[in-house]
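Here are some exercises to work through with the model open beside you. Try each task before you read its solution.

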Amino acid sequence: MSARLEAGDAAPDFTLPDDTGTDVTLSDLRGRKVIVYFYPAAMTPGCTKQACDFSESLDSLSGQGYTVLGISPDKPEKLARFREKEHLSVPLLSDADRSVMDAWGAFGEKKLYGKTVQGVIRSTVVLDEQGTVTHAWYNVKATGHVAKLRRDLGLDEGA
């Protein structure tokens, strides 16, 4: 497993296809704050809850200057079905070979039903306008994570 990212680290750049097959390059988003979240599999209960929570918060997050990207190892075709079925508005990117997840510390050993396995580690990383990590959370819970993220980023203050 590669090292996990920490505040102050430069985020590794990437280019990944989205659910329409269009390439998305992280460095093209310089000048905006970016929230990148990694999830194990589209159309599973926890991942659906998390994707729906991000989609429901997308307008508010965009209004605060954030772009949100969801990344899983699913192929673009499955991501397109996921978006359509759940009416998702968050861009979904395919990291089929898990190279980005590996570079970002979001793939490796984890506990699953009491067993140690290799897999996607549910993670969220926040970048500033220059592509520098400001926050990194690993092994996050799907339910309630977006609300916690908003609190930790101070986005609900005064609301």
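**Exercise 1. Find where Gly-31 sits, say whether Gly-31 is buried or exposed, and give its C-alpha distance to Glu-129.**

Step 1: Gly-31 is in the loop between strand S2 (23-25) and S3. Helices (H or I, at least four residues) and strands (E, at least two) are DSSP runs, numbered from the N terminus. This is a predicted model, in which local features need pLDDT of at least 70, side-chain atom pairs count only at pLDDT 80 or more, and totals for chains, interfaces and linings use all residues. Residues are numbered from 1 along each chain as its sequence is written, and side-chain values use heavy atoms, with hydrogens and water left out.

Step 2: Gly-31 has 55% relative accessibility, so Gly-31 counts as exposed. The classes are buried (under 20% relative accessible area), exposed (over 50%) and partly exposed (in between), with a 1.4 Å probe and protein chains only.

Step 3: Gly-31 and Glu-129 are 98 residues apart in sequence, yet their C-alpha atoms are 4.4 Å apart in space.

**Exercise 2. Place Gly-119, Ala-11 and Val-90, and give one C-alpha distance for each.**

Step 1: Gly-119 belongs to strand S7 (residues 115-120) and is buried, with a relative accessible area of 8%. From Gly-119 to Leu-88 the C-alpha distance is 24 Å, with their places 31 residues apart in sequence.

Step 2: Ala-11 is in the segment before strand S1 (15-17). Its relative accessibility is 9%, so Ala-11 counts as buried. The C-alpha atoms of Ala-11 and Val-117 are separated by 26 Å, and the two residues are 106 residues apart along the chain.

Step 3: Val-90 is in the loop between H2 and S5, and Val-90 is buried at 1% relative accessible area. Its C-alpha atom is 9.7 Å from that of Asp-53, 37 residues away along the chain.

**Exercise 3. Describe the phi angles of His-87 and Asn-139.**

Step 1: Recall the background. Most residues other than glycine have a negative phi.

Step 2: His-87 has a positive phi, near 55°. His-87 is in the loop between helix H2 (76-86) and strand S5 (92-94), and its relative accessibility of 68% makes it count as exposed.

Step 3: Asn-139 also has a positive phi, near 60°. Asn-139 is found in the loop between strand S9 (133-138) and helix H4 (145-152). Asn-139 is partly exposed, at 46% relative accessible area.

**Exercise 4. Which helix parameters can you derive for H1?**

Step 1: Compare lengths. With 1.5 Å a residue, the 19 residues of H1 should span 27 Å, and the end C-alpha atoms are 28 Å apart, which agrees. The expected span is 1.5 Å times one less than the number of residues.

Step 2: Look for a bend. H1 bends by about 50° at Ser-57, where the bend is the angle between axes fitted to the seven residues ending there and the seven starting there.

Step 3: List buried positions. Among the buried residues of H1 are Cys-47, Ala-51, Phe-54, Ser-57, Leu-58 and Leu-61.

**Exercise 5. How many aromatic pairs are there, and how is Tyr-37 paired with Phe-54?**

Step 1: The whole structure has five aromatic pairs. Rings of Phe, Tyr and Trp (its six-membered ring) pair if their centres lie within 6.5 Å; planes under 30 degrees apart count as stacked, over 60 as edge-to-face and the rest as tilted.

Step 2: The ring centres of Tyr-37 and Phe-54 are 4.3 Å apart and the planes meet at 15°, so this pair is stacked. Tyr-37 lies in strand S3 (residues 33-38) and Phe-54 in helix H1 (residues 45-63), so the pair ties together parts 17 residues apart in sequence.

Step 3: Both Tyr-37 and Phe-54 are buried. Ring pairs link Tyr-37, Tyr-39, Phe-54 and Phe-82 into a cluster.
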